[in-house]
Amino acid sequence: MEKNHCQKRLWYNNHGYTLKIMKITILLFVLGIVPAFSSTYSQETLLTLHIKAKKIGEVFRNIEMKSEYVFFFSDEIRPEMERKIDIRVEAETLDKILDKICTETGLSYEIIDRQVTVTKAKKEKVQVPALPQTQKKSIRQGYRS
């Protein structure tokens, strides 16, 4: 007796294999779609500040009250935190606000999730290219007696 072709088990009729392929396809689809819809809090949050002659520490506390950010800074920058500044921004992201503050004060910042770490700006060493040395002419003077 000859076996029917429909009864033969082909590799693509294996239900376990098909199920694995479906799971992998769904996983890759979900992993591809999720990053497209995600955005960070710092890119979404727009802040409006109208501050005149207030200490930088007070400005940071004001931002903390208006947003979900928390500011951290060390004691070494405490003198800079006492400096008074004026800032007026309308619907700006935190990055742009901190850029304005830090350029005026010599501070730098790093945003990790909803935590902002404020530090002293590192001074970059500027290397001046060496000038080519010109040959010095030697002048010899003889002694006259």
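Among contacts between residues at least 6 apart in sequence, 61% join residues at least 24 apart. The model is predicted. The chain has 145 residues, and 21% of them count as buried. About 12,900 Å² of the chain is exposed. Carbon and sulfur atoms supply 55% of that area. Five helices and five strands make up the element list. From the N terminus, their order is α-α-β-α-β-α-β-α-β-β.

Helix 3 was examined next. This helix spans residues 56-66. Its buried residues are I56, G57, V59, F60, N62 and I63. These buried residues pack against several elements of the chain, both helices and strands. The strands are strand 1 (47-55), strand 2 (70-73), strand 3 (84-92) and strand 5 (115-120). The helices are helix 4 (78-81) and helix 5.

The packing of helix 3 with helix 5 can be described in detail. Two packed helices are described by the angle between their axes and the distance between the axes. Helix 5 covers residues 94-105. The axes of helix 3 and helix 5 meet at an angle of about 175° and lie 12 Å apart. Angles over 145 degrees count as roughly antiparallel, so helix 3 is roughly antiparallel to helix 5. On the side of helix 3, the contact is made by I56, V59, F60 and I63. Helix 5 contributes L94, I97, L98, I101 and T105. By class, this contact has eight nonpolar residues, one polar residue and no charged residues. An α-helix has 3.6 residues a turn, so residues three or four places apart point the same way.

T105 belongs to helix 5 and takes part in the contact with helix 3. Its relative accessibility is 9%. Buried means under 20%, so T105 counts as buried. A polar atom of the T105 side chain lies 2.9 Å from the backbone oxygen of I101. I101 is also one of the helix 5 residues in the contact with helix 3. Beyond its neighbours within four places in sequence, T105 is in contact with I56, E80, R83 and I85. Of these partners, I56 is among the buried residues of helix 3.

A second threonine, T45, sits in the loop between helix 2 (41-44) and strand 1. T45 has a relative accessible area of 12%, so this loop residue is buried. Leaving out residues up to four places away in sequence, T45 touches E92, T93 and L94. L94 also appears in the contact of helix 5 with helix 3.

Backbone geometry was considered last. Most residues other than glycine have a negative phi, and most peptide bonds are trans. A53 is not a glycine, yet its phi is positive, at about 55°. This residue is found in strand 1. Its relative accessibility is 46%, so A53 counts as partly exposed. D113 is likewise not a glycine and has a positive phi of about 60°. D113 is found in the loop between strand 4 (107-112) and strand 5. With a relative accessibility of 68%, D113 counts as exposed.

How values were computed
Residues are numbered from 1 along each chain as its sequence is written. This is a predicted model: local features need pLDDT of at least 70, side-chain atom pairs count only at pLDDT 80 or more; totals for chains, interfaces and linings use all residues. Side-chain values use heavy atoms; hydrogens and water are left out. Axes are lines fitted to C-alpha atoms, for helices over the stretch in contact, and angles run from 0 to 180 degrees between N-to-C directions. Helices (H or I, at least four residues) and strands (E, at least two) are DSSP runs, numbered from the N terminus. Angles under 35 degrees count as roughly parallel, over 145 as roughly antiparallel, 65 to 115 as roughly perpendicular and the rest as oblique. Contact means heavy atoms within 4.5 Å. Ala, Val, Leu, Ile, Met, Phe, Trp, Tyr, Cys and Pro count as nonpolar, Asp, Glu, Lys and Arg as charged, and the others, Gly among them, as polar. Buried means under 20% relative accessible area, exposed over 50%, partly exposed in between (1.4 Å probe, protein chains only). Accessible areas come from the Shrake-Rupley method with a 1.4 Å probe; for residues, only the protein chains shown count as cover. A polar contact is a pair of N or O atoms within 3.5 Å; within protein, one must be able to donate a hydrogen and the other to accept it, and residues adjacent in sequence count only if both atoms are side-chain atoms.
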